[in-house]
Amino acid sequence: MPPEPGFVPADAREINVQAQTLQSFEAFVGERRQRIEVTDLGLPSILWTVLWVGALLNAILLSLIQVRNLRIHLIMAGLIAVFVALLLYAIAGFDRPYSGPISVTPTYYQSLLDGLFQRVP
């Protein structure tokens, strides 16, 4: 990897420090890639099967409930359907932790780093 154009080492010590820094950074990037690949597996397919079968059974059981007023029955069915849909949406968001609507962001890590390096009198 060529050195950064803005930094020119002055002596052998700086050349060694620069080489070690670049080597450490390459190791860091490689380990980060490995962590992302491991977490890219997603949720197991059996979990998705159970969720969809549960949603289908929920809809069937809801249709078997006898309510005299059709309007109340439709409101009740709609509320349960919205709840199941929101639940599936949330689980789908957790399926990919580094992308999508529910993802891991560096915000908390950055605030931790900022707090670690602040000098408190």
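Q: Helices (H or I, at least four residues) and strands (E, at least two) are DSSP runs, numbered from the N terminus. Which helix holds Gly54?
A: This model is predicted: local features need pLDDT of at least 70, side-chain atom pairs count only at pLDDT 80 or more, and totals for chains, interfaces and linings use all residues. Residues are numbered from 1 along each chain as its sequence is written, and side-chain values use heavy atoms, without hydrogens and water. Gly54 is in helix H2.

Q: What pattern does the protein follow along the sequence?
A: The protein has 4 helices and 0 strands. Read in sequence order, the pattern is α-α-α-α.

Q: What share of the residues is buried?
A: Buried means under 20% relative accessible area, exposed over 50%, and partly exposed in between (1.4 Å probe, protein chains only). The protein has 121 residues. The buried share is 9%.

Q: How much of the exposed area do carbon and sulfur atoms supply?
A: Areas come from the Shrake-Rupley method with a 1.4 Å probe; for residues, only the protein chains shown count as cover. The protein exposes about 10,600 Å². The part from carbon and sulfur atoms is 67%.

Q: Which two helices each supply at least two residues of the largest nonpolar core?
A: A nonpolar core is a set of buried Ala, Val, Leu, Ile, Met, Phe, Trp, Tyr and Cys residues joined through side-chain atoms within 4.5 Å. The largest one has 6 residues: Trp48, Leu51, Ala55, Val84, Leu88 and Ile91. At least two of them come from each of H2 and helix H3 (70-95).

Q: Which residues does Ala55 contact, leaving aside neighbours within four places in sequence?
A: Contact means heavy atoms within 4.5 Å. Ala55 belongs to the largest nonpolar core. Its partners are Val84 and Leu88.

Q: How far apart are the C-alpha atoms of Gly54 and Val84?
A: Gly54 is partly exposed, with a relative accessible area of 34%. Gly54 and Val84 are 30 residues apart along the chain. Their C-alpha atoms are separated by 9.2 Å.

Q: What separates the C-alpha atoms of Leu47 and Ile91?
A: Leu47 lies in helix H2 and is partly exposed at 33%. Along the chain, Leu47 and Ile91 are 44 residues apart. Between their C-alpha atoms the distance is 9.9 Å.

Q: Is His73 buried or exposed?
A: His73 lies in helix H3. Beyond residues up to four places away in sequence, His73 touches Leu62, Ser63, Ile65 and Val67. Its relative accessible area is 15%, so His73 is buried.

Q: What area does the nonpolar surface patch with Leu56 cover?
A: Patches take residues with over 30% relative accessible area and no salt bridge, joining like charges within 9 Å and nonpolar side chains (Val, Leu, Ile, Met, Phe, Trp, Tyr) within 5 Å. A salt bridge is a side-chain nitrogen of Lys or Arg within 4 Å of a carboxyl oxygen of Asp or Glu. Leu56 lies in helix H2 (residues 45-64) and is exposed at 54%. With Val53, Leu57, Ile60, Leu61 and Leu64, Leu56 makes a patch of about 590 Å².

Q: Why is the pair Phe25 and Phe28 called stacked, edge-to-face or tilted?
A: Rings of Phe, Tyr and Trp (its six-membered ring) pair if their centres lie within 6.5 Å; planes under 30 degrees apart are stacked, over 60 edge-to-face and the rest tilted. The count is 1 aromatic pair. Phe25 and Phe28 both lie in helix H1 (residues 12-39), 3 residues apart. Their centres are 6.1 Å apart and their planes at 35 degrees, so the pair is tilted.
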